[in-house]
Amino acid sequence: MNTLRLQLRFLVPLILTLVAAAYLAVPVMDRLTLRWFARDLSLRGSLVTKTLSDSIAEDLQDSRSVRLQSLFNRVVQDERLVAIGLCSLAGQLLRHSPGYPATLTCQQASDVAQQDNPQLRIEGGPVHVGTYPIIGDSGPLANLVLLQDLSFVERRSQDTQKYLIILIAGLGVIIALITVIVAQLSWRGWVSGARALLRGEGLISPMMSSSPELAPFAAELRVRLRDLEDEYRRSLGPEVNWDPERLRSLLRTQLRGDQLIVVSNREPYIHEQVGDSIVVKRPASGLVTAVEPVMRACSGTWIAHGSGNADALVVDAHDRVMVPPGRDEYTLRRLWLSAEEEQGYYYGFANEGLWPLCHVAHVRPVFRESDWQHYRQVNQRFADAVVAESRSEDPIVLVQDYHFALLPAMIRKRLPRATILTFWHIPWPNPESFGICPWRQEILEGMLGTTILGFHTRFHCKNFMETVDRYLEARIEHEHSTISFHDKNTFVESYPISIEWPTAQTVAGWPAVEQCRRTVFERLGLPADHRLAIGVDRFDYTKGILERLHAVERLLEKHPEWIEHFSFVQVAAPSRGSLEEYRLFQDRIHAVTARINQRFATPNYTPVHLLAEHHEHQALNELYRAADVCVVTSLHDGMNLVCKEFVAARDDERGVLILSRFAGAAREMSQALIVNPYHVEETADALQRALTMPEAEQRERMASLRMTVREFNVYRWAGRMLTDAGHWRLRERIEARVQRLQPELL
Ligand code: ADQ
């Protein structure tokens with residue numbers, strides 16, 4: 001219908017133009033033919049005059065002669081010659097043939113003959129009037145008036161008009177036909193071209209095989225589009241201040257209040273039965289630390305495993321509870337897992353398989369068929385929950401972490417129009433390391449159900465794309481970080497995660513640094529002039545706790561002056577304690593701690609304090625503010641939030657951060673003392689340098705670190721991802737519109 005309208009829009013002016021052309025051309029044609037014929041008739045008249053002039057001259061000598069009259073009668077039998085008249089030089093009509101108009105005087109005939117268009121209409125029709133002198137031996141004798149028939153000119157003109165109109169009409173029809181065919185063909189090409197572009201196919205594939213003429217244009221457009229997007233992404237640099245309000249306004253404007261669903265294994269709030277009452281706990285998790293403020297800013301629904309022993313007591317009939325408790329800012333939808341499911345999916349496949357697979361910490365991954373089956377089954381259950389919770393066909397789903405590698409494709413199958421953002425919070429290994437996973441292909445295929453796949457660093461993105469390249473038949477466009485698999489595109493990008501930067505109001509509520517120091521030192525029994533280094537982690541072998549202890553031991557060996565003047569506090573939240581690897585690791589840490597303490601302790605001095613328990617955020621903050629040095633020595637870490645929390649806590653701009661080069665955070669936080677945790681000597685030297693660092697240098701480094709973390713905060717992390725999701729959805733909506741139009745257009 002629309003194509004027809006479009007073509008009519010072109011054809012109607014075309015037809016009008018042709019009619020106007022015909023309207024103008026016919027009179028011009030008439031005038032031209034008349035002029036040609038007039039010239040012919042004049043020549044003919046001269047010829048007739050020449051033929052008759054001798055007879056006329058003779059006849060004029062003899063006024064009684066009747067020969068001329070009969071000559072005239074004979075001549076006018078020629079059908080073209082209507083009448084002849086002979087005028088004296090004085091303008092008197094001397095002789096004339098029958099049919100000569102009685103009212104036409106010699107003078108009138110002479111006047112008409114001198115006109116541009118010497119025509120006269122007489123009884124029998126239009127005639128051409130010509131006067132021709134009869135020349136005798138002594139000069140002009142008389143003038144001959146010839147009236148020649150012009151009706152044949154009119155007849156021919158009508159014929160010409162007819163043929164001209166037929167010619168123009170024929171031309172019109174041919175042009176219209178060509179137009180319709182070309183319009184149809186090129187519209188088909190344009191529509192499929194536009195669709196391919198909007199789908200993003202053109203961004204990856206050799207463009208539009210069906211319309212090769214569009215390929216150069218598409219390539220150019222594709223490059224421009226990507227450049228614009230890249231430019232826009234760069235423009236969201238540190239100069240843009242990201243805060244909850246900005247994130248909310250992004251959702252209002254770019255995502256027009258679309259529904260946001262977060263899926264993670266760990267829930268942000270755990271309800272536990274303690275005696276007769278129910279208490280709410282916050283888990284020790286980098287993921288929860290990062291995603292919780294985003295959810296508070298955006299509302300929406302968070303789907304997670306209900307792991308607390310009182311979780312089921314507080315939910316409604318749909319397993320939902322509003323959180324944070326008392327503030328009710330978003331919905332937490334709990335999903336219940338059986339003990340076998342939790343063992344197989346969480347402890348087994350995710351934490352004994354994928355966790356060591358992705359971290360280079362030299363712990364062998366364990367892959368069991370039964371764990372894999374549970375992993376698939378639980379991913380499917382979460383996919384069902386996403387479908388049940390979505391209020392529209394195209395929610396924005398934020399899939400969190402390595403527990404849900406299969407979930408994106410499962411959601412995509414049920415909600416093809418959903419925008420799925422998957423964030424992989426841990427590193428991605430190189431293709432060789434990943435290749436040892438027996439279900440590597442299924443995992444990659446599951447992840448490629450994602451619309452936007454995020455890692456902390458470019459390096460992890462690169463590893464992922466190389467892994468896909470190695471094990472799947474997918475098309476990869478490195479320039480634009482896009483993978484095309486089964487006609488679906490996944491954009492792979494780095495989004496460095498961070499923390500919520502404390503507001504002025506929050507900071508105002510904190511106890512002063514001196515106060516924190518006093519409280520912590522009193523609790524640990526440390527003298528006021530003691531130096532304190534801290535480590536805060538989940539009890540995990542990837543965090544480099546052992547290497548850190550070795551460095552503390554080496555420091556005390558190399559610099560015995562620190563004995564009784566320096567202590568190290570390791571806070572370690574119990575984690576995955578049901579796994580043997582973790583239990584052995586914890587035992588080892590306890591043993592090494594005991595050994596160091598045995599070696600360097602004095603009656604009033606404990607060099608290493610191991611606080612193997614969960615701490616509330618406030619207690620951690622107090623510790624961060626009390627410490628001289630914070631030590632983060634991960635053997636491999638996606639990002640690491642502890643280092644950022646330490647920096648955020650130090651509004652006094654004091655304290656030194658020692659940071660592993662193998663943590664994603666090292667790429668942003670170059671003002672820290674960067675170490676290789678495997679190099680015990682180097683870390684011990686860094687501890688020495690930190691403990692002796694002049695205040696001015698501490699201030700300089702800390703001020704710079706604080707600026708980085710404040711600007712690259714968690715709202716920026718979420719904001720960049722959601723902005724990219726917004727652009728993606730816009731493209732998809734345009735494509736859907738083109739698709740709706742297409743059947744009418746073609
Ligand atoms: P995690 O491995 O959990 O996160 P991390 O980033 O260090 O690592 O975050 C740990 C969080 O737990 C911090 O917020 C910290 O305050 C808290 N925490 C640590 N010890 C605690 C204790 N004893 N008591 C209470 N809380 C404690 C994963 C990846 C990281 C990535 C995050 C976010 O492994 O590399 O930075 O996700 O993406």
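In this predicted model, the sulfur of Cys630 has its closest cysteine sulfur in Cys643, at 7.5 Å, which is too far for a bond. The converse also holds, because the closest cysteine sulfur to that of Cys643 is the one in Cys630, again at 7.5 Å and too far for a bond. A disulfide requires two cysteine sulfur atoms within 2.5 Å. Cys630 is buried, with a relative accessible area of 0%, and Cys643 likewise counts as buried at 0% relative accessibility.

A search of the whole structure finds 1 disulfide, and this bond joins Cys87 to Cys106 with a distance of 1.9 Å from S to S. Cys87 lies in strand β1 (residues 81-88) and Cys106 in helix α3 (residues 106-113), so the pair ties together parts that are 19 residues apart in sequence. The link of Cys87 and Cys106 is left-handed, with -90 degrees about the S-S bond, and both Cys87 and Cys106 are buried.

Strand pairing was examined next. Strands of a sheet pair through backbone hydrogen bonds, in either a parallel or an antiparallel sense. An open sheet of 6 strands shows parallel pairing and runs in the order β20-β19-β18-β21-β22-β23. Its edge strands, each of which pairs on one side only, are β20 (608-611) and β23 (673-675), and from one strand to the next the twist averages 20 degrees. Within this order, strand β18 (residues 531-538) and strand β21 (residues 629-632) pair in the parallel sense over 2 bridges, and Ala533 has Val629 of β21 as its bridge partner.

The antiparallel sense is found where strand β10 (residues 320-323) pairs with strand β11 (residues 330-335) over 4 bridges. In a regular strand the side chains alternate between the two faces of the sheet. Strand β10 follows such an alternation, in that Val321 and Val323 point to one face and are buried, whereas Arg320 and Met322 point to the other and are not. Val321 stands opposite Leu332 in β11. The hairpin of β10 and β11 has 6 residues between the strands, and in this hairpin Gly326 takes a positive phi near 90 degrees.

Aromatic side chains were considered separately, and a search of the whole structure finds 25 aromatic pairs. One of them is formed by Phe349 and Trp439, whose rings lie 5.8 Å apart from centre to centre, with 65 degrees between the planes, an edge-to-face arrangement. This pair links distant parts of the chain, 90 residues apart, since Phe349 is in helix α9 (residues 339-358) and Trp439 is in the loop between α12 (431-434) and α13. Both residues of the pair, Phe349 and Trp439, are buried, and both belong to one aromatic cluster whose members include Tyr345, Trp372, Tyr375 and Phe404. Rings also occur together with charged side chains: Arg246 lies over the face of Trp242 at 4.1 Å from the ring centre, and the charged end of Lys162 sits over the ring of Tyr163, 6.0 Å from its centre.

Finally, helix α11 (residues 407-414) was examined for its buried residues, which are Leu407, Pro408, Met410, Ile411 and Arg412. These buried residues of α11 pack against two helices and four strands, namely α10 (369-389) and α13 (440-447) together with β6 (260-263), β12 (396-400), β13 (419-423) and β17 (488-494).

Definitions and conventions:
Residues are numbered from 1 along each chain as its sequence is written. This is a predicted model: local features need pLDDT of at least 70, side-chain atom pairs count only at pLDDT 80 or more; totals for chains, interfaces and linings use all residues. Side-chain values use heavy atoms; hydrogens and water are left out. Buried means under 20% relative accessible area, exposed over 50%, partly exposed in between (1.4 Å probe, protein chains only). Contact means heavy atoms within 4.5 Å. Rings of Phe, Tyr and Trp (its six-membered ring) pair if their centres lie within 6.5 Å; planes under 30 degrees apart count as stacked, over 60 as edge-to-face and the rest as tilted. A charge sits over a ring if NZ of Lys or CZ of Arg is within 6 Å of the ring centre and within 35 degrees of the ring normal. Two strands pair if DSSP finds at least two bridges between them. Axes are lines fitted to C-alpha atoms, for helices over the stretch in contact, and angles run from 0 to 180 degrees between N-to-C directions.
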